[in-house]
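Q: Please take a close look at one part of this model for me. I would like to see how one chain meets another, and how the strands on either side are arranged.

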Amino acid sequence: MRRIQATYWLTFAWIALFMRISAAQTPPPLPGAIQLAASTMTLSQSITVSVQQINELSISGDVNLVVTTSTPGSGLLPAVDGASATYSLTTNDQGKKIVGSLDASFSPGISLFLLLEGPLGSTSSQQLLSASPIDLVTAIGYSAESDLTLTYTANATVDAAPNGAGEFRTVTLTLMDN
Amino acid sequence: MNHLRYSTLLLILFVAFRQDALAQEFRFNAGGGPITLAVQSAIAGSEPTDATDSSTQLYWDANFGVPTKITVSTVSINQSFRLYVRLNVPSQGLGGQGIVQPEIELIHNMADTDLFTDIPSTLPGRQGFGTLIYRAAATVAEGNSNEHLDDVHIVTYTFLAQ
Amino acid sequence: MKLFKSVALLAVLFMGMVQVASAQSDNHVVSVEIQAINEIAIAGDVSLTISAATAGSAPTPATAGTTYAITTNDSGGTTRITASTSVAPASLGDGPGNDLALSVSAAAPTGGTSSGSVTLGTVAQNVVTAMAAVSESEVALSYTLTATAATGQLASTDITVTYTIIN
């Protein structure tokens, strides 16, 4: 009888030992995790996706226009370049436009016009550039387009004297709200 | 009579031990708190650049007695943008056994979708950890949060017998 | 009051989420080079025939005219037009005179000075001087061909007159 009791008690002790080891292996949950009932095997996490207004414009290439000829009696022939420079833009907003300006005017007799190829759905027009920003492309919506053309036309009257290597100006394009 | 008493007690303890011996584990090993993915830049001419996060790690012990898997689902009312997740399980020697599923797109009210499957039921392969890699994406045509507000997801991972 | 507070709170929360629209710029360099440009074009050829005389006088001179167009962007005020012939007119004619003379009177474009009637030869001579930058067309060229009895006769002969703009 005592032997039987001893056997049972040894068995109880052995079982209790393993139960305690198993219970010790479960650590507390990490802070910030959404707490769920201990009996379920699920975890949840809150993820927020935020998309900011993105407006990016980039110009590639400089341009050199040379006025070299004229039709006698009819003034100087304009110099045109539509291949040396391109621009790319990305906007995830609507109602945008591109304006253009010069950092300084050219000498009297020289005028510079710019025609931008607009992204799909927009409206563009050739404009005379000056130090004051002027609309070049309007009604721009969601766009991600690259290698759009810039076509420059340099006009000169006979009053524009020969200027050696030329006059250099910085043309700035800005993507902005309408 | 004593045999009956002790046997009953032994039986109860045996069953309790058996239950404890089959305990599974499924928890965040790192992170697990709220995450914000901000799509905020682009190369001019290209679609916006994706935002990613890999700060959350899962740990599991698939002590189910049968092969196990992890699934994923989400709730995100008025979802406007795209969110993806995949589980990266690095080589862990004999641990971390299972099959990694391709990246999953998280869509509001989607059905539970397999993320990691065929976790064995025996040691050491049944225990492992992996990193949750989230990727948020938006095209220009999908607009921005000024127009639609942010998407807020409650992503749920379920650990269950396969 | 409660409704006002709720609306005010909602407005404040919404304002916090609105992002200011942004502008994005880029620039590049554009250069415009103006080269020295001098262009002249004569409108058409001229035909001169001496075919009559008043008895006792030298043959009657022949006259004819055309026009020229010019563009020059030199603004120095010293630009001129010279003219020369491909063959010396005086060497023409089968008589002993060597006195066939071809002269031109070129009107000046605005700002320039005409040299008046200039007897042409193979050596370039000024026909217009002191021009500034100008672009003008249909400017008159008047030719006169003169001969004496000693010039003799001359079959139809082409003489090329070359006009040159010099800055």
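A: What follows starts at the contact between chain C and chain A, then moves out to the sheets and cores. Keep in mind that this is a predicted model.

Start with the contact itself. Chain A gives 49 residues to it, and chain C gives 32 residues. Look at the chain C side. Four strands of chain C each supply at least two residues there: β1 (24-34), β2 (38-42), β3 (62-72) and β9 (134-146). Which of them gives the largest share? It is β1(C), with 11 residues. Now sort the chain C side by residue type. There are 14 nonpolar residues and 14 polar ones. Four are charged.

β1(C) also pairs with a strand across the contact. Its partner is strand β3 of chain A, residues 63-67. The two run in the parallel sense, and five bridges join them. One place to look is V66(A), which stands opposite E33(C) in β1(C). In general, strands of a sheet pair through backbone hydrogen bonds, either parallel or antiparallel.

Next, the nonpolar core. The largest one holds 53 residues. Three of its members touch the most other members: L112(A), Y152(A) and A154(A). Take L112(A) and set aside its neighbours within four places in sequence. Its contacts in chain A are then F106(A), L129(A), Y152(A) and A154(A). In chain C, L112(A) is in contact with V30(C) and V32(C). Another core lies apart from this one. That second core has 31 residues, including I35(B), I70(B), I119(B) and V155(B).

Step back to chain A as a whole. It has one helix and 12 strands. The helix comes at the N-terminal end of the order, and the strands follow. Of the 178 residues in chain A, 32% are buried. Now consider contacts in chain A between residues at least 6 apart in sequence. Of these, 73% join residues at least 24 apart.

Go back to chain C for a sheet. It is an open sheet of four strands, in the order β6-β8-β4-β10. The pairing is antiparallel. The edge strands are β6 (113-114) and β10 of chain C, and each pairs on one side only. Follow strand β4 of chain C, residues 79-85. With strand β8 of chain C, residues 125-131, it shares four bridges in the antiparallel sense. There T82(C) stands opposite N126(C). With strand β10 of chain C, residues 161-166, β4(C) has six bridges, again antiparallel. Two places show this pairing. T85(C) stands opposite V161(C) in β10(C). I81(C) stands opposite I165(C) in β10(C).

Chain B completes the tour. It has two helices and 10 strands. A helix begins the order, nine strands come next in the run, then a helix and a strand end it. Buried residues make up 31% of its 162 residues. Among contacts in chain B between residues at least 6 apart in sequence, 79% join residues at least 24 apart.

Chain B has an open sheet too. Its five strands lie in the order β1-β3-β9-β5-β7, with antiparallel pairing. The edges are β1 (25-30) and β7 (104-106) of chain B, each pairing on one side only. On average, neighbouring strands of this sheet are turned by 30° against each other, direction ignored. At the β7(B) edge, strand β5 of chain B, residues 82-88, pairs with β7(B) over three bridges in the antiparallel sense. The bridge partner of L83(B) in β7(B) is L106(B).

Now zoom in on A38(B). It sits in strand β2 of chain B, residues 35-39. Is A38(B) buried or partly exposed? It counts as partly exposed, because it has 14 C-beta neighbours inside 10 Å. Beyond its neighbours within four places in sequence, A38(B) is in contact with S50(A), Q52(A) and A51(B). A38(B) and A137(B) are 99 residues apart along the chain, yet their C-alpha atoms are separated by 9.2 Å.

Last, a word on confidence. Chain B averages a pLDDT of 90, and 86% of its residues score at least 70. Over residues 15-20 of chain B, though, the pLDDT is below 50. This stretch has seven contacts in the model beyond near neighbours in sequence. Where pLDDT is low, the predicted coordinates should not be read in detail.

How values were computed
Residues are numbered from 1 along each chain as its sequence is written. Chains are lettered from A and ligands numbered from 1 in the order in which they are written. This is a predicted model: local features need pLDDT of at least 70, side-chain atom pairs count only at pLDDT 80 or more; totals for chains, interfaces and linings use all residues. Two residues are in contact if their C-beta atoms, placed from the backbone, lie within 7 Å. Ala, Val, Leu, Ile, Met, Phe, Trp, Tyr, Cys and Pro count as nonpolar, Asp, Glu, Lys and Arg as charged, and the others, Gly among them, as polar. Two strands pair if DSSP finds at least two bridges between them. A residue is buried if 20 or more other C-beta atoms lie within 10 Å of its own, exposed if 12 or fewer, and partly exposed in between; C-beta atoms are placed from the backbone. pLDDT is the predictor's confidence in each residue, from 0 to 100. A nonpolar core is a set of buried Ala, Val, Leu, Ile, Met, Phe, Trp, Tyr and Cys residues joined through C-beta atoms within 7 Å. Axes are lines fitted to C-alpha atoms, for helices over the stretch in contact, and angles run from 0 to 180 degrees between N-to-C directions.
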